[in-house]
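Hi there,

Here is the structure I promised to pass on. Have a look at it first, and then read my notes underneath.

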Amino acid sequence: MNGRNITCKQCVKLLSICDFDNERIKFLQVMAPHIYDCHNRQLIIDTMSFASGKDEARQLIERYCK
């Protein structure tokens, strides 16, 4: 990420290249510390296909968005 910040919408676009929740979570682990519009976090959570992926994404985002 080279010190750059991203929006949730940009994050969703990047996550869309992944086919599975576990891949999306790996990408999100890298991007989450750089998200600056945390009030839109639901956009990211909604990209996950399963409840477990949604929960994991929510927890990950909450860790960095305080």
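Below is what I found, going from the whole chain down to single residues.

Please keep in mind that this is a predicted model.

**The chain as a whole**

The protein chain contains four helices and zero strands, and in sequence order the pattern reads α-α-α-α. The radius of gyration is 10 Å, close to the 11 Å that the globule rule gives for 66 residues, so the protein chain is as compact as a globular protein of that length. If you want a feel for the dimensions, the C-alpha trace spans about 30 × 25 × 15 Å along its principal axes.

How much of the chain is buried? Of the 66 residues, 38% count as buried. The accessible surface comes to about 4,400 Å², and 51% of that surface belongs to carbon and sulfur atoms. As for contacts, take those with a separation of 6 or more: residues 24 or more positions apart account for 65% of them. On the charge side, the protein chain carries 10 positive and 8 negative side chains, and the centres of the two sets lie 6 Å apart.

**Helix α1**

Which residues of α1 are buried? They are Cys8, Cys11 and Leu15. These three cover an arc of only 55 degrees around the axis, which puts them on the same side of α1. Lys9 and Lys13, on the other side of α1, are exposed. The cover over the buried residues of α1 includes α2 and α3.

**Helix α2**

Helix α2 runs over residues 21–31, and its buried residues are Asp21, Arg24, Ile25, Leu28 and Met31. Looking down the axis of α2, you will find these buried residues within an arc of 120 degrees, so they line one face of the helix. Turn to the other side of α2 and you meet Asn22 and Lys26, which are exposed. What covers the buried residues of α2? The cover includes α1 (8–15), α3 (41–45) and α4 (51–64).

Asp21 deserves a few words of its own. This residue is found in helix α2, and with a relative accessibility of 11% Asp21 counts as buried, because the cut-off for buried is under 20%. Which residues does Asp21 contact, once its neighbours within four places in sequence are left aside? They are Thr47, Met48, Ser49, Phe50 and Gly53. Asp21 and Glu56 are 35 residues apart along the chain, and their C-alpha atoms are separated by 9.5 Å.

**Helix α3**

Two residues of this helix are worth finding in your viewer. Leu43 has its place in helix α3 and is partly exposed, with a relative accessible area of 44%. Not counting residues up to four places away in sequence, Leu43 touches Cys8, Lys9 and Val12. That list includes Cys8, one of the buried residues of α1, and Lys9, one of the exposed residues on the other side of α1. Leu43 and Cys18 are 25 residues apart in sequence, and the C-alpha to C-alpha distance is 15 Å.

Gln42 also lies in helix α3. Is Gln42 partly exposed or buried? With a relative accessible area of 41%, Gln42 is partly exposed. Its C-alpha atom and that of Lys66, 24 residues apart along the chain, are separated by 15 Å.

**Helix α4**

Here I looked at Glu62, whose place is in helix α4. Glu62 is partly exposed, with a relative accessible area of 36%. The C-alpha atoms of Glu62 and Ala32 are separated by 9.0 Å, with these positions 30 residues apart along the chain counted as their separation.

If you only have a minute, I would start with α2: its buried residues line one face, and α1, α3 and α4 are among what covers them.

Happy browsing, and all the best!

Definitions and conventions. Residues numbered from 1 in each chain as written. Predicted model: local features only at pLDDT ≥ 70, side-chain atom pairs only at ≥ 80, totals over all residues. Heavy atoms only, no water. Buried < 20%, exposed > 50% of the residue type's maximum accessible area, 1.4 Å probe, protein only. Helix = DSSP H or I, 4+ residues; strand = E, 2+ residues; numbered from the N terminus. Arc of directions from axis to C-beta. Contact = heavy atoms within 4.5 Å. Rg over C-alpha atoms; globule rule 2.2 N^0.38 Å. Areas by Shrake-Rupley, 256 points an atom, 1.4 Å probe, with all protein chains shown as cover. Lys, Arg positive; Asp, Glu negative; His and termini not counted. Charge placed at Lys NZ, Arg CZ, Asp CG, Glu CD.
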